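Here are my notes for someone opening this one for the first time. Keep the viewer open while you read, and hop between the points as you like.

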Amino acid sequence: MWVYEKKLLYPVEVGTCNPTLAKYLMEQYGGADGELAAALRYMNQRYTVPSKVIGVLNDIATEEFSHLEMLATMIYKLTKDATPEQLVEAGLGAHFVNHGHDLFYENANGVPFTATYIQAKGDPIADLYEDIAAEEKARATYQWLIDVSDDPLINDSLRFLRERENIHSLRFRESVELLKDERDRKKIF
Amino acid sequence: MDRPLYRGSYKPYVSPLDPCPPIRVKTFVLPPQIFTNFQQPGLPQYSPEEALRRGTLWPLFDDGFSREEGIS
């Protein structure tokens, strides 16, 4: 179970009316290397990994949901007051036709989220290496988002999120080290 | 944060026939976590307020990134 705190993990402020940026941010919302994919991936793998690293996966999955909430807030703020014309101009015309002003789990190209973005291989090392790769890909995505965004307030939140990916990657790398330590204990996973 | 430590660079091939002005040096990110398998205890820490702002408690793992840096 979760205890919900009615506030964001990190403040989200939007400085300029720029629906095009919302389109780009959707890559981290419903894209292959986005926060939803990360949260669902870890939350599912968590059950069958060696008990030493369950907590890491559970905690990071939880944090990814709080990141998803930040992305949702950014996208919502950037699109809620946009007219259909502005959305069309921003490249979100198809999104508006399909979803109105609602958010949806799609990537920047409007491709809907699919479970085939994630994997659970039943092998702790294979799973953790996938998780490390996912964090580095999310870090890179944030870099390119920062590069295409000229909103300093959004970029402040994106820098925070990017740094969290660094730490998550490190924690997964440490998890691999923890499992390597089990080598001398004649224990079969 | 010592940024040059966390960036790599290479010189791509530049053809005399390239259509666009060439970029002679390409830079890429080598984030701090790839240089360690396990975090050492007792690392220097940011103040709580600074840590909340930066997204990490430890300056060692904060490599920053900004569009001003112009990495891409």
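What follows is a set of numbered points on the chain contact, the salt bridges, one helix and two single residues.

1. A word before anything else: this is a predicted model. Please read every distance and area below as computed from that model.

2. Start where the two chains meet. Chain A puts 25 residues into the contact and chain B puts in 24. Between them the chains bury about 2,100 Å², with 50% of that on carbon and sulfur atoms. On the chain B side, the residues that lose the most area to chain A are Gln33(B), Phe65(B) and Arg67(B), and together they make up 32% of what that side buries.

3. How many residue pairs are in polar contact across the interface of chain B and chain A? The count is 16, taking pairs with both residues at pLDDT 80 or more. If you want an element to look at on the chain B side, pick helix H1 (residues 48-54) of chain B, which gives the most to the side touching chain A, with three residues. Sorted by class, that side of chain B has ten nonpolar residues, nine polar and five charged.

4. Now for charge across the interface. Side chains of opposite charge can pair when their charged atoms come close. Between chain B and chain A the count is one salt bridge. Asp63(B) forms a salt bridge with Arg162(A), and their closest N and O atoms are 2.9 Å apart. Have a look around that pair too: Arg162(A) and Asp63(B) belong to a network of salt bridges that also links Arg7(B) and Glu69(B).

5. Over all chains the salt bridge count comes to 13, and a few others deserve a quick visit. In chain B, the side chains of Asp62(B) and Arg54(B) meet at 2.8 Å, N to O. Asp62(B) is buried, with a relative accessible area of 4%, while Arg54(B) is partly exposed at 27%.

6. Next, chain A has a salt bridge within a helix. Lys180(A) and Glu177(A) pair up at 3.0 Å, N to O. Both sit in helix H7 (residues 152-180) of chain A, three residues apart, or about one turn of the helix. Is Glu177(A) buried or exposed? At 15% relative accessibility Glu177(A) counts as buried, whereas Lys180(A), at 44%, counts as partly exposed.

7. Also in chain A, Asp81(A) forms a salt bridge with Lys80(A), with the closest N and O atoms 3.0 Å apart. Here Asp81(A) is exposed, with a relative accessible area of 60%, and Lys80(A) is partly exposed at 36%.

8. Helix H6 (residues 124-148) of chain A is a good one to check by hand. At 1.5 Å a residue, its 25 residues should span 36 Å, and the end C-alpha atoms are indeed 36 Å apart, so the two agree. Of those 25 residues, 18 are buried, so H6(A) is largely enclosed by the rest of the structure. At its N-terminal end, Asp123(A) acts as a cap: a side-chain oxygen lies 3.1 Å from the backbone nitrogen of Ile125(A).

9. Just upstream is Asn107(A), in the loop between helix H5 (93-99) and H6 of chain A. Although it is in a loop, Asn107(A) counts as buried, at 10% relative accessibility. A polar atom of its side chain lies 2.8 Å from the backbone nitrogen of Asn109(A). Setting aside neighbours within four places in sequence, Asn107(A) is in contact with Met26(A), Glu27(A), Gly30(A), Gly31(A) and Tyr117(A).

10. Finally, Tyr10(A), in the segment before helix H1 (19-30) of chain A. Tyr10(A) counts as buried, at 6% relative accessibility. Tyr10(A) and His67(A) are 57 residues apart in sequence, yet their C-alpha atoms are 8.6 Å apart in space. Leaving out neighbours within four places in sequence, the residues in contact with Tyr10(A) include Met70(A), Asp156(A), Ser157(A) and Phe160(A), as well as Leu52(B) and Arg53(B) from chain B. With Arg53(B) there is a polar approach as well: its backbone oxygen lies 3.4 Å from a polar atom of the side chain of Tyr10(A).

Conventions:
Residues numbered from 1 in each chain as written. Chains lettered and ligands numbered in written order. Predicted model: local features only at pLDDT ≥ 70, side-chain atom pairs only at ≥ 80, totals over all residues. Heavy atoms only, no water. Helix = DSSP H or I, 4+ residues; strand = E, 2+ residues; numbered from the N terminus. Expected span 1.5 Å × (residues − 1). Buried < 20%, exposed > 50% of the residue type's maximum accessible area, 1.4 Å probe, protein only. Polar contact = N/O pair within 3.5 Å; in protein donor to acceptor, adjacent residues only side chain to side chain. Contact = heavy atoms within 4.5 Å. Buried area = accessible area lost by both parts, 1.4 Å probe. Salt bridge = Lys/Arg side-chain N within 4 Å of Asp/Glu carboxyl O. Nonpolar A, V, L, I, M, F, W, Y, C, P; charged D, E, K, R; others polar.
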